[in-house]
Amino acid sequence: MLSASNIPVPDYSVNKNPDDEPISSVLLLPAFVIVDCVTPSRTPDLISHLVNRSPCNTSSLLPLNSLSVPPESGLKIRSCPHDYLILLCSHRTRDARCGQSAPLLKKEFERHLRQRDLYRDSLDERPGGVGVHFVSHFGGHKFAANVIVYRRTPLPFHGAKESTDGAASLPLREAKQCIWLARVRPEDCENIVRYTILQGKVVKPDRQLRGGFDRERCVTSW
Amino acid sequence: MPSLLPLLITPVTQKVAPIESLLTSLLPKVASGPPPLFEPTTPAKDGPECIQDCSSCDITYPEKFKINETENLYGTVMPWERHLLVATGKANWISNFMSEEGSIGEAIAKTHGHMVEKVK
């Protein structure tokens with residue numbers, strides 16, 4: 001799945017791209033890895049060294065997974081700082097409802113997450129917490145609002161490296177679950193934080209569960 | 001007779017069913033069908049809050065916010081293997097951001113077309 005997100009484009013002024021191409025970062029899931037300095041011409045390296053070698057939703061969780069990329073590719077990798085992600089479809093040019101619901105849900109999620117010091121907006125890279133991002137259309141707007149929750153495995157053993165320039169391998173702390181909900185309303189946000197984000201449970205499975213995966217139990221909805 | 005084998009030994013891509021209702025999980029484990037994909041909350045285990053919507057929420061959707069309330073929801077997502085989120089620093093994307101000429105999204109879609117699932 002390929003999405004655009006409102007995650008800010010990092011400031012790469014020191015690594016200015018000589019070819020005047022756009023340069024940005026890509027968050028790779030379920031690996032929970034941020035690839036920096038991605039440009040259109042570096043895309044083949046991104047795919048061959050990182051995407052194709054990264055774990056996928058149907059692969060089992062292994063404690064020793066890692067990723068690396070040759071320094072000459074120009075790409076850099078680091079671990080995503082957040083433990084959980086909430087992705088809100090906010091693609092208003094595809095469906096007006098997504099453009100309406102996403103900002104309202106973000107505000108309500110923010111209110112509940114702040115009470116637990118778990119809120120991280122797009123610029124907030126403090127470790128842990130919940131990154132809340134707007135993303136482009138991922139299907140099913142007739143069931144708006146769609147909310148995708150990614151939950152990561154617990155913290156790694158002490159001393160694990162969380163970033164690398166690429167030459168060394170980056171140990172992964174991957175997503176163990178993805179819970180895809182729909183028909184989410186503002187009044188659902190509190191229990192989604194309390195039970196779905198923090199515990200991996202679903203509060204209204206019949207009404208709101210569209211699908212997802214659990215890599216610890218090796219199950220998917222498809 | 002449904003299989004009583006633990007879920008752990010089922011194949012990696014085992015598809016599981018949604019739960020039929022909240023009550024199912026309260027019944028003895030003789031119910032038919034595979035176990036739920038995710039554990040449902042139950043008042044007995046998770047407290048009465050799990051069946052109450054947030055009472056302090058003062059945000060509401062616009063009155064005209066109408067959605068499909070009846071169709072079956074579970075299993076309506078396409079399989080996906082990995083998810084790439086391109087940082088764009090904005091949310092006002094054109095209808096198909098992957099068609100934006102010269103963009104990273106376009107390059108990934110071209111190099112790795114199968115990342116792009118058909119979305120409804």
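Four bridges join strand 1 (residues 2-5) of chain A to strand 2 (residues 83-87) of chain B, and these two strands run parallel. Within that pairing, Ala4(A) has Val86(B) in strand 2 of chain B as its bridge partner. The model of this complex is predicted, and the predictor assigns the complex an ipTM of 0.93 together with a pTM of 0.87.

**The contact between the chains**
- Chain A contributes 77 residues to the contact, while chain B contributes 67 residues.
- On the side of chain A that touches chain B, the residues divide into 36 nonpolar, 26 polar and 15 charged.

**Chain B: elements and burial**
- Chain B holds two helices and two strands, which follow one another from the N terminus in the order β-α-β-α.
- Of the 120 residues in chain B, 24% are buried.
- When contacts in chain B between residues at least 6 apart in sequence are considered, 21% of them join residues at least 24 apart.

**Chain B: confidence**
- The average pLDDT of chain B is 78, and 67% of the residues score at least 70.
- Confidence in chain B is highest in helix 1 (residues 43-46), at 97, and lowest in strand 1 (residues 14-15), at a mean of 69.
- Residues 20-25 of chain B stay under a pLDDT of 50, and for this stretch the model has eight contacts beyond four places in sequence.
- Residues 27-31 of chain B likewise have a pLDDT below 50, and this stretch has one contact in the model beyond near neighbours in sequence.
- Where pLDDT is low, the predicted coordinates should not be read in detail.

**Helix 2 of chain A**
- Helix 2 of chain A (residues 96-115) has 20 residues, and because a rise of 1.5 Å a residue is expected, the helix should span 28 Å, which agrees with the 30 Å between its end C-alpha atoms.
- The buried residues of this helix are Arg97(A), Cys98(A), Ser101(A), Ala102(A), Leu105(A), Lys106(A), Glu108(A), Phe109(A), His112(A) and Leu113(A).
- An α-helix has 3.6 residues a turn, so residues three or four places apart point the same way.
- The buried residues of helix 2 of chain A pack against several elements of chain A, namely strand 6 (84-89), strand 7 (119-120), strand 8 (130-135), strand 9 (147-152) and helix 3 (189-199).
- Just after helix 2 of chain A, the residue Asp117(A) adopts a positive phi of about 55°.

Technical notes:
Residues are numbered from 1 along each chain as its sequence is written. Chains are lettered from A and ligands numbered from 1 in the order in which they are written. This is a predicted model: local features need pLDDT of at least 70, side-chain atom pairs count only at pLDDT 80 or more; totals for chains, interfaces and linings use all residues. A residue is buried if 20 or more other C-beta atoms lie within 10 Å of its own, exposed if 12 or fewer, and partly exposed in between; C-beta atoms are placed from the backbone. Two residues are in contact if their C-beta atoms, placed from the backbone, lie within 7 Å. The expected span of a helix is 1.5 Å times one less than its number of residues. pLDDT is the predictor's confidence in each residue, from 0 to 100. Ala, Val, Leu, Ile, Met, Phe, Trp, Tyr, Cys and Pro count as nonpolar, Asp, Glu, Lys and Arg as charged, and the others, Gly among them, as polar. Two strands pair if DSSP finds at least two bridges between them.
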